[in-house]
Amino acid sequence: MEIFGNLFTKTKDGAYVPTTLGIIAIIVLMVILLAIASFIIGSKKKKKTSTKQLAVSALLIAIAFMIMEFFPPLFKMPFGGTVTLFGMFFATLIGYYYGIGPGILSCVALGLLNLIIDPYVLTLPQLLIDYPLAFGALGLSGIGYHFDKKHKYGGLAVGYICGVLGRYFFAFLSGWIFFGEYAWKGWGAVPYSLAYNGAYLGAEAGITLIIILIPQVQKAVKYVKTQVN
C-alpha cells in the first residue's frame with residue numbers, strides 16, 4: 001500500500017484505514033465525481049436541471065448511506081455483508097432517474113463514502129473492487145432509465161436487478177480472490193463466494209423487489225422521476 005503514501009495507515013490487525021489526509025482526498029474525489037455526473041446531464045439540458053440533478057443525487061446517496069451504515073440491518077453476515085431495508089434501492093434510483101453514466105459515478109461516490117466510515121482494506125486491488133467498483137456497479141440501474149423510454153413500466157425493477165447483479169459480480173470477485181481462505185469446510189473459494197455474497201444480496205433484493213413490483217409503488221417512483229428531471 002506504499003502507493004498511497006500518507007493517505008492510508010496500517011492498523012494492528014493488518015488492514016488499512018484512511019488517514020485525515022486520505023479522508024480529505026476521498027471527499028474531494030467524491031465531490032468531483034458528483035460534479036461530473038451532474039455535468040453529464042447539464043450538458044444536454046439546462047443548467048438549472050443540472051443543479052437539481054446534483055442535489056437529488058446527493059440526497060439519494062445520503063439516504064442510502066444512512067440506511068447501510070446507521071440503521072439496524074435486518075441481518076448481518078459473520079464476515080461482512082448485511083441485509084438492509086432498501087439501502088441499495090435508494091442508490092439505484094440515481095441511475096434510474098438520470099441514466100447509466102450519472103448513476104455509476106454517483107454510486108462510486110457512495111462507495112468512497114463507505115470507505116471513509118467503514119473501511120476494511122488489505123490491498124489496492126481489493127480496495128478498488130470492494131468500494132468504487134462494487135458500489136459503482138449499482139449505477140447499472142441506469143439500464144432501467146433507457147428501458148422506460150421503450151416501455152410504459154418495468155424500468156424500475158429492471159434497473160434495480162441490473163444494479164444488484166453488478167454489485168454481486170464484484171462482491172463475488174472479491175470473495176473469491178481475497179477471502180477464499182474463509183470458505184466453509186468442503187467448499188472451494190468460487191462456490192463459497194457465490195453462495196455467501198448471494199445470500200445477503202439476494203435476500204435484500206428479494207424483499208425490495210416484492211415492494212417495487214407493486215403497481216402503485218412503480219407509479220409513485222415514476223412520477224418522482226418526472227419531477228426531478
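How many of the 12 residues of α3 are buried? The legends below start from the whole model and then come to this helix.

**Figure 1. The whole protein is a predicted model with 9 helices and 4 strands.** Helices (H or I, at least four residues) and strands (E, at least two) are DSSP runs, numbered from the N terminus. Starting at the N terminus, the order of elements is β-β-α-α-β-β-α-α-α-α-α-α-α. Along the principal axes, the C-alpha atoms fill a box of roughly 50 × 40 × 30 Å. The radius of gyration is 18 Å, which agrees with the value near 17 Å for a compact globule of 229 residues; the radius is taken over C-alpha atoms, and the globule rule is 2.2 Å times the number of residues to the power 0.38. Of the 229 residues, 47% are buried, meaning under 20% relative accessible area (exposed is over 50%, partly exposed in between; 1.4 Å probe, protein chains only). Contact means heavy atoms within 4.5 Å. Among contacts between residues at least 6 apart in sequence, 69% join residues at least 24 apart.

**Figure 2. Helix α3 is largely enclosed by the rest of the structure.** Here is the reply to our opening question: 11 of the 12 residues of α3 are buried. Among them are Gly-87, Met-88 and Phe-89, as well as Tyr-96, Tyr-97 and Tyr-98. After the helix comes Gly-99, with a positive phi near 110°.

**Figure 3. Helix α3 (residues 87-98) crosses helix α8 (residues 189-212) at roughly 65°.** Their axes come within 9 Å, which makes α3 roughly perpendicular to α8. The axes are lines fitted to C-alpha atoms, for helices over the stretch in contact, and angles run from 0 to 180 degrees between N-to-C directions. Angles under 35 degrees count as roughly parallel, over 145 as roughly antiparallel, 65 to 115 as roughly perpendicular and the rest as oblique. The α3 and α8 crossing is right-handed. Look for Gly-87, Met-88 and Phe-89 of α3 meeting Leu-201, Glu-204, Thr-208 and Ile-212 of α8. These contact residues divide into 4 nonpolar, 2 polar and 1 charged. Ala, Val, Leu, Ile, Met, Phe, Trp, Tyr, Cys and Pro count as nonpolar, Asp, Glu, Lys and Arg as charged, and the others, Gly among them, as polar.

**Figure 4. Helix α5 (residues 124-136) packs with α7 at an angle of about 165°.** The two axes lie 8 Å apart, and the angle makes α5 roughly antiparallel to α7. From α5, the contact includes Ile-129 and Leu-133, while α7 brings residues including Phe-170 and Leu-173. The contact residues divide into 8 nonpolar, 2 polar and 2 charged.

**Figure 5. Lys-225 is a buried residue in helix α9 (residues 215-227).** Its relative accessible area is 10%. Not counting residues up to four places away in sequence, Lys-225 touches Tyr-96, Tyr-97, Tyr-145 and Asp-148.

**Figure 6. Gly-154 sits in the loop between α6 (142-150) and α7 (155-178).** Gly-154 is 10 residues from Gly-144 in sequence, and their C-alpha atoms are 7.6 Å apart in space. With residues up to four places away in sequence left out, Gly-154 touches Phe-147, Asp-148 and Gln-218.

**Notes.** Residues are numbered from 1 along each chain as its sequence is written, and side-chain values use heavy atoms, without hydrogens and water. In this predicted model, local features need pLDDT of at least 70 and side-chain atom pairs count only at pLDDT 80 or more, while totals for chains, interfaces and linings use all residues.

Definitions and conventions. Left-handed = near helix turned anticlockwise from the far one by under 90°.
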